[in-house]
Amino acid sequence: MSETANKILLFDTTLRDGEQSPGATMSLSEKIRLAQQLELLGVDIIEAGFAASSAGDFECVSTVAREIRHSTVASLCRTVIEDIDRAAEALRHAKHSRIHIFIATSPLHMDVKLKLSPEEVLKATDKAVRHAVACAGDVEFSCEDASRTNPDFMVEVCRAAVAAGARTLNIPDTVGYAQPEEFAARIGYLKARIPEDIVISVHCHNDLGLAVANTLAAFRAGARQAEVTIGGIGERAGNCALEELIMSLTVRKDYYRLEHSIRTQQIFPSVRTLSRIIGRPIPVNKPVVGANAFAHEAGIHQAGVLADPATYEIMTPESIGLSSNSIVVGKHSGKNAIKAKLEGMGYHLDNAQIDLILGSVKDLADKKKDIFDEDLEALVLEEVYRLPDKYRLLHLTVQSGDSGIPPCAMLVIEIDGVRREHAQFGVGPIDAVFRGIAETTRHAPRLEQYAVNAITGGTDALGEVTVRISEKGKVAVGRGSHPDIINASARAYLNALNRLAKMQEEV
Ligand code: KIV
Ligand code: ZN
């Protein structure tokens with residue numbers, strides 16, 4: 001067996017399939033930040049978007065292609081020449097690029113969705129792959145809904161793609177229908193019928209909770225690339241979760257005997273970065289990264305873990321990058337200390353950005369004794385990675401209590417550079433603030449979710465507020481952090497409105 005026969009490739013599609021998860025829309029700067037984190041994590045390929053689908057996706061693919069130097073950057077395309085040309089254009093400046101072409105091959109999708117015969121699908125595959133190979137050497141081909149495709153037809157389409165020049169064949173379980181043994185058999189069937197040097201990839205959805213199991217079964221049958229997302233986010237029930245797949249391969253290396261290039265200590269920082277960006281907390285019972293993954297409740301378990309953690313822990317928290325809170329910086333920290341600390345956390349900021357953070361650290365240190373990694377990260381997300389705001393909070397004062405006067409918010413907001421003042425009563429202080437903001441900005445969104453989280457322990461902790469709002473069919477998540485949770489709430493609400501405004505502008 002050659003040295004590479006045991007190496008698997010990780011193709012991350014958080015920025016494409018992951019973003020198709022309802023409410024997981026990300027801004028361009030957030031996508032770039034996530035792509036940088038994915039590169040630090042060590043993923044082999046980053047699917048940055050579907051360049052032809054919108055101006056925003058095109059911009060994202062081309063910016064990620066310029067920024068990322070180690071991982072390959074991919075764009076998704078249909079078997080449509082204009083899609084491929086657009087992808088090639090967006091990937092022009094990539095150091096390593098890949099065009100990923102897909103077409104549906106199941107009878108249901110061919111009849112109902114594409115209205116194409118099997119012969120027409122074969123022709124479209126041949127034409128598109130040849131065109132893509134001429135544009136960019138590295139081409140991946142996917143048979144959408146492969147797990148509901150006749151295996152012989154799947155092999156025929158895959159062979160046509162290989163004959164046209166594709167080097168990677170991706171077999172998606174698009175609707176999460178496959179079962180592990182059955183899916184492994186399909187991969188084995190294909191493997192026996194294509195040239196040895198072609199990489200078989202799998203892309204499993206999680207509709208029946210089997211995405212990771214199906215991917216692992218496919219590896220056992222000879223697949224050597226997996227398409228995954230951070231936290232398993234994606235269309236409907238999501239995709240195969242990178243962290244679960246990688247820790248299975250790592251913890252059970254004795255069983256799988258496969259190599260990968262993931263730096264497992266970057267797993268938790270990656271999941272946390274995504275969670276902050278999309279405003280969705282990590283579920284406590286999530287395998288590998290949930291808060292309960294290393295918590296032991298039963299006395300007998302606690303005693304065992306104290307005697308030897310291996311009694312009830314099959315991996316260490318450190319192996320996935322979970323560290324205990326450590327005090328990192330304070331009032332007297334200099335620029336170099338902050339820069340070095342942030343680089344260790346994966347944030348590579350320029351001088352002006354470091355100065356901005358330094359100022360915020362000093363302000364925060366006046367209000368709060370200990371500043372932790374999480375506080376520093378919140379400041380970076382707040383100050384550096386925020387959207388260029390249409391609406392900005394300049395001042396906020398809130399009166400509430402049991403004096404008989406309803407709670408009242410007095411707000412000063414800047415809208416496109418123009419200062420507006422407004423006062424508003426509400427049922428409670430947050431209601432007053434949100435109503436005041438909605439009136440001033442002339443929006444009328446529905447508040448779907450509101451969550452407050454103390455970033456670290458202690459009553460002086462930074463409050464982090466996440467809101468989800470919807471208006472005219474668009475959903476936006478906003479996040480804000482501040483030692484005063486009412487102020488954090490106002491920032492989160494305005495952040496969500498800024499995202500809505502951006503989406504409406506793009507439309
Ligand atoms: O689920 C799917 O089939 C996909 C393809 C486009 C790869 O996302
Ligand atoms: Zn998918």
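The buried residues of helix H9 are where I would like to begin, and they are Leu242, Glu243, Glu244, Leu245, Ile246, Met247 and Leu249. Please keep in mind throughout that we are looking at a predicted model. Helix H9 runs over residues 242-251, and it is mostly covered, since seven of its 10 residues are buried. What do these buried residues pack against? They pack against S1, H1 and H8, and also against strand S8 (225-228), helix H10 (253-256) and helix H11 (267-278).

Let me turn now to the zinc ion, which is ligand 2, and ask which residues are its protein donors. They are Asp17, through OD, together with His203 and His205, each through NE2, and they lie 2.0 to 2.1 Å from the zinc ion. Written as a sequence pattern, the spacing of these donor residues is D-x185-H-x1-H. Aspartate 17 sits in the loop between strand S1 (9-12) and helix H1 (28-41), while histidine 205 sits in the loop between strand S7 (199-204) and helix H8 (211-220), so this pair ties together parts of the chain that are 188 residues apart in sequence. Are these two residues buried or exposed? Aspartate 17 has a relative accessible area of 3%, and histidine 205 has one of 4%; because buried means under 20%, aspartate 17 counts as buried, and histidine 205 does as well.

Some of these donors also appear around ligand 1, whose surroundings consist of Arg16, Asp17, His100, Phe102, Ser142, Glu144, Asn170, Pro172, Thr174, His203 and His205. If you sort this shell by class, you find two nonpolar, six polar and three charged residues. Which strands each supply at least two residues of the shell? They are strand S4 (97-104), strand S5 (139-144) and strand S6 (168-173). Looking at individual atoms, a polar side-chain atom of threonine 174 lies 2.6 Å from an oxygen atom of ligand 1, and for arginine 16 the corresponding distance to an oxygen atom of ligand 1 is 3.1 Å. Histidine 203, which we met at the zinc ion, likewise has a polar side-chain atom 3.1 Å from an oxygen atom of ligand 1. The protein covers 94% of the 260 Å² of accessible area that ligand 1 has on its own.

I would like to stay with two of those strands for a moment. In strand S6 we find threonine 168, which is buried, with a relative accessible area of 3%. Leaving aside neighbours within four places in sequence, threonine 168 is in contact with Arg98, Val139, Glu140, Phe141, Val199, Ser201 and Gln225. In strand S4 we find serine 97, which counts as partly exposed at 22% relative accessibility. If we do not count residues up to four places away in sequence, serine 97 touches Thr72, Val73, Leu91, Ala136 and Asp138. How many ångströms separate the C-alpha atoms of serine 97 and leucine 494? The separation is 37 Å, and along the chain the two residues are 397 residues apart.

Finally, we come to helix H8, where alanine 213 has its place. Alanine 213 is partly exposed, at 32% relative accessibility. Between alanine 213 and valine 80 the distance from C-alpha to C-alpha is 33 Å, with the two lying 133 residues apart in sequence. Helix H8 also brings us back to the start, as it is one of the elements that the buried residues of H9 pack against.

Conventions. Residues are numbered from 1 along each chain as its sequence is written. Chains are lettered from A and ligands numbered from 1 in the order in which they are written. This is a predicted model: local features need pLDDT of at least 70, side-chain atom pairs count only at pLDDT 80 or more; totals for chains, interfaces and linings use all residues. Side-chain values use heavy atoms; hydrogens and water are left out. Donors are N, O and S atoms within 2.8 Å of the metal (3.2 Å for Na, K and Ca); water is not among the atoms, so sites may look incomplete. Helices (H or I, at least four residues) and strands (E, at least two) are DSSP runs, numbered from the N terminus. Buried means under 20% relative accessible area, exposed over 50%, partly exposed in between (1.4 Å probe, protein chains only). A residue is near a molecule or strand if one of its heavy atoms lies within 4 Å of it. A polar contact is a pair of N or O atoms within 3.5 Å; within protein, one must be able to donate a hydrogen and the other to accept it, and residues adjacent in sequence count only if both atoms are side-chain atoms. Accessible areas come from the Shrake-Rupley method with a 1.4 Å probe; for residues, only the protein chains shown count as cover. Ala, Val, Leu, Ile, Met, Phe, Trp, Tyr, Cys and Pro count as nonpolar, Asp, Glu, Lys and Arg as charged, and the others, Gly among them, as polar. Contact means heavy atoms within 4.5 Å.
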